[in-house]
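Good morning, colleagues. I should like to take a few minutes to go through one protein model, beginning with a single residue and then widening the view.

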Amino acid sequence: QHMVNGKQIVLRTLLHLGQVFQSVQQNPQHVTVCVSIALLCVAVCEAETEAIAAGSNDAQRIVELALMCTAHRHWSVACTALDFWLAFNGVSVSKRHQALRTPLNRRVLNVLLQ
């Protein structure tokens, strides 16, 4: 039988939680849920920074989730998500997938300035 490794389980779970985040992010009663999702997003980036920077479709979905967390209107969610970008910036721009270079940096900056 084909075994699913722990990384795949965490990745699938995080991608599913991205959908949860989208559905609850506007509800002030779910700030704790959003912070928890942001924390998991950060943990995955810290553990798999180079894999995320390689830019697979799933990695780009995680980056989009990090952007949504960063743009969250509640400071505790947005501040938690900043650690994602600190970890991500540990990979030099030249080693990132093309979509995760300058265009992404502009998007992050725009989110931070809003």
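Is A51 buried, partly exposed or exposed? The model before you is a predicted one, and in it A51 has a relative accessible area of 42%. The residue is therefore partly exposed, as that value lies between the 20% and 50% limits. A51 belongs to helix α3. Its C-alpha atom is 23 Å from that of V20, and 31 residues separate the two along the chain.

Let me now place that helix in the overall architecture. The protein consists of six helices and has zero strands. Read from the N terminus, the order of elements is α-α-α-α-α-α. As to dimensions, the C-alpha trace covers about 40 × 40 × 20 Å along its principal axes. The radius of gyration is 14 Å, and this agrees with the value near 13 Å for a compact globule, because that is what the rule gives for 114 residues.

Contacts across the sequence come next. If we take the contacts between residues at least 6 apart in sequence, 64% of them join residues at least 24 apart.

I turn to the surface. The protein exposes about 6,900 Å², of which carbon and sulfur atoms supply 56%. Its charged side chains number 9 positive and 6 negative, and the centres of these two sets are 7 Å apart.

What, then, lies inside? Of the 114 residues, 38% count as buried. In soluble globular proteins, nonpolar side chains tend to be buried together. In this model the largest nonpolar core has 33 residues, and the members that touch the most other members are I52, I62, V77, F84, W85, F88 and L104. At least two residues of this core come from each of α1 (6–24), α2 (31–47), α3 (49–54), α4 (57–70), α5 (75–88) and α6 (102–113). Helix α2 provides the largest share of the core, with nine residues.

Which residues does I62 touch, once those up to four places away in sequence are set aside? The list is L11, L14, L15, C41, V44, I52 and F84. Two of these names, I52 and F84, appeared a moment ago among the core members with the most contacts to other members.

A second position of interest is L67, which is found in helix α4. Its relative accessibility is 5%, so L67 counts as buried. Leaving aside neighbours within four places in sequence, L67 is in contact with W85, L104, R107, V108 and V111. By contrast with that contact list, one may take H16 as a point of reference: its C-alpha atom is 16 Å from that of L67, at a separation of 51 residues along the chain.

Helix α3 deserves a second visit, as T49 is found there as well. Why does T49 count as buried? Its relative accessible area is 15%, and the cut-off for buried is under 20%, so T49 qualifies. Beyond residues up to four places away in sequence, T49 touches V44, A87, F88 and V91.

For the last stretch of the chain, consider K95 and T102. K95 sits in the loop between α5 and α6. With a relative accessibility of 67%, K95 counts as exposed. The C-alpha atoms of K95 and A53 are separated by 7.3 Å, although the two residues are 42 apart along the chain. T102, for its part, is found in helix α6. The relative accessible area of T102 is 40%, which means that the residue is partly exposed. From T102 to L39 the C-alpha separation is 25 Å, with their positions 63 residues apart along the chain.

To close, I return to the starting point: A51 is partly exposed, whereas T49 of the same helix, α3, is buried. Thank you for your attention.

Key
Residues are numbered from 1 along each chain as its sequence is written. This is a predicted model: local features need pLDDT of at least 70, side-chain atom pairs count only at pLDDT 80 or more; totals for chains, interfaces and linings use all residues. Side-chain values use heavy atoms; hydrogens and water are left out. Helices (H or I, at least four residues) and strands (E, at least two) are DSSP runs, numbered from the N terminus. The radius of gyration is taken over C-alpha atoms; the globule rule is 2.2 Å times the number of residues to the power 0.38. Buried means under 20% relative accessible area, exposed over 50%, partly exposed in between (1.4 Å probe, protein chains only). Contact means heavy atoms within 4.5 Å. Accessible areas come from the Shrake-Rupley method with a 1.4 Å probe; for residues, only the protein chains shown count as cover. Lys and Arg count as positive and Asp and Glu as negative; His and the chain ends are not counted. The place of a charge is taken as NZ of Lys, CZ of Arg, CG of Asp or CD of Glu. A nonpolar core is a set of buried Ala, Val, Leu, Ile, Met, Phe, Trp, Tyr and Cys residues joined through side-chain atoms within 4.5 Å.
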